[in-house]
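User: Hey, can you walk me through this one? I'd like to start with how a pair of helices can be described.
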Amino acid sequence: MRIESAEVVVTCPGRNFVTLRITTDDGLTGWGDATLNGRELAVEAYLREHVVPLLLGRDAGAIEDTWQYLYRGAYWRRGPVTMAAVAAVDTALWDIKAKAAGMPLYQLLGGASRVGALAYGHASGRDLPELFDSIRLHLERGFRAIRVQTGIPGLDTVYGVAASEAGGGDRYDYEPARPTALPVEEAWDTRAYLRHVPGVFEAVRAEFGPELPLLHDGHHRMTPIEAARLGKSLEPYDLFWLEDATPGEDQAALRLIRQHTTTPLAIGEVFNSVHDYITLLSERLIDYVRSAVTHTGGVTGLKKVLDLASVYGVKSGIHGPTDISPVGMAAALHLDIAVHNFGIQEYMPHTADTLEVFRTSFTFTGGLLHPSDAPGLGVDVDLAAAARFPYRAAYLPVNRLADGTVHDW
């Protein structure tokens, strides 16, 4: 079974996605997600110009060999563009192999370790009443774990808070890179954030009780000592995790945070290799791995990370917002069901336009996500629908402090 063709598809049904279709000489088709939010065309060019020509004629079943060939053969290893491209190829080949076997992908990864993957939803609001309404809505939709993000007094917009105003006065509910010629710039005040957030969680616990798992994302905005302070102040409210408390590239920062707080820590959505985790795992500085299949070299790459994490008792928390296409989400769910050290799965439902392009068969019931039992990933792509949604330039926002300094968002 040889690779006969590979096609890169860029489409924007509300936000941009980069998808790879691989077809074998016996007619099997596999899909892979290569979306890199705000830098989609860089991955498209990498795939189209540098990767696709290397695939034609290769054995479609030699997945590990192809992964190593693309990872090592370029000399320039790792990085988000390279690893998103490798991920698309790898995931498409796993899709093909599972279809050839007549099995859902998770069966080839060792079979089911659980009946479903606990998912958390994204609740947010500019003030407490709006936040409470959002939490209630997510509970009504069946979520049994909730990420809580809040507006900050004195700040007009906060990334990650649904219904914050975006460029041009529009509103955004799914945290997309916004369709603008240049990134929108937002003001940020860490001291105001640190003062405000503990009171928000105190109010949420008073309203919704002690049992509901609550999560919070710091979006890399804090210094190590600021993150330590926040983690300590949130301990009374029993968070499931504090995510991305400080920029992930400074791994020593996690040592300082760990010394000061017992709040569980999650990090990794900007990582793209198992090598990014070695210190964090071996020193047990984190509790959850946050990488995405799409940005970590595919099923093969992320499974290497999760297998290493399991040795140290660290669990998965795979990245899954709407800048991960339904193809990438499906691949994550097959890993969620198969790996032993599953923790929780991020889940943001895609828009109707997105689901017109990407035909999914995974389900969400009783707070759990279930991958399809159809052969392969259980996702198909309607290329005619994709063509109706052309690419639009879009960027994530940039934060600035009061003195004009660019800050982590």
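Analyst: Sure. First a cut-off: two helices count as roughly parallel when the angle between them is under 35 degrees. And keep in mind that this is a predicted model.

User: OK, so at what angle do H7 and H8 cross?
Analyst: Roughly 30 degrees. H7 covers residues 224-234 and H8 covers residues 252-260, and their axes come within 8 Å.

User: Then are they roughly parallel or roughly antiparallel?
Analyst: Roughly parallel, because the angle of roughly 30 degrees falls under the 35-degree cut-off.

User: And which hand does the crossing have?
Analyst: H7 passes H8 in a right-handed crossing.

User: Which residues meet there?
Analyst: From H7 you have Pro224, Ile225, Ala227, Ala228 and Lys232. Their partners in H8 are Ala253, Leu256, Ile257 and His260.

User: What's the mix by class?
Analyst: The contact of H7 with H8 has 7 nonpolar residues, 1 polar and 1 charged.

User: Let's zoom out. How many helices and strands does the protein chain have?
Analyst: The protein chain has 13 helices and 20 strands.

User: What are its overall dimensions?
Analyst: Along its principal axes, the C-alpha trace of the protein chain spans about 60 × 45 × 45 Å. The radius of gyration is 21 Å, which agrees with the value near 22 Å for a compact globule with 409 residues.

User: How much of the chain is buried?
Analyst: Buried residues make up 58% of the 409 residues.

User: And what about contacts between residues far apart in sequence?
Analyst: Take the contacts with a separation of 6 or more: 71% of them are between residues 24 or more positions apart.

User: New topic: backbone angles. What's the usual sign of phi?
Analyst: Most residues other than glycine have a negative phi.

User: So what is phi at arginine 78?
Analyst: Arginine 78 has a positive phi of about 65 degrees, although it is not a glycine. You'll find arginine 78 in the loop between helix H2 (63-73) and helix H3 (80-101). Its relative accessible area is 31%, so arginine 78 is partly exposed.

User: What about arginine 284, where is that?
Analyst: Arginine 284 is in the loop between helix H9 (278-282) and strand E12 (288-289). Phi is positive there too, about 50 degrees.

User: How accessible is arginine 284?
Analyst: Arginine 284 has 46% relative accessibility, so it counts as partly exposed.

Methods. Residues are numbered from 1 along each chain as its sequence is written. This is a predicted model: local features need pLDDT of at least 70, side-chain atom pairs count only at pLDDT 80 or more; totals for chains, interfaces and linings use all residues. Side-chain values use heavy atoms; hydrogens and water are left out. Axes are lines fitted to C-alpha atoms, for helices over the stretch in contact, and angles run from 0 to 180 degrees between N-to-C directions. Helices (H or I, at least four residues) and strands (E, at least two) are DSSP runs, numbered from the N terminus. Angles under 35 degrees count as roughly parallel, over 145 as roughly antiparallel, 65 to 115 as roughly perpendicular and the rest as oblique. A crossing is left-handed if the near helix is turned anticlockwise from the far one by less than a right angle, and right-handed if clockwise. Contact means heavy atoms within 4.5 Å. Ala, Val, Leu, Ile, Met, Phe, Trp, Tyr, Cys and Pro count as nonpolar, Asp, Glu, Lys and Arg as charged, and the others, Gly among them, as polar. The radius of gyration is taken over C-alpha atoms; the globule rule is 2.2 Å times the number of residues to the power 0.38. Buried means under 20% relative accessible area, exposed over 50%, partly exposed in between (1.4 Å probe, protein chains only).
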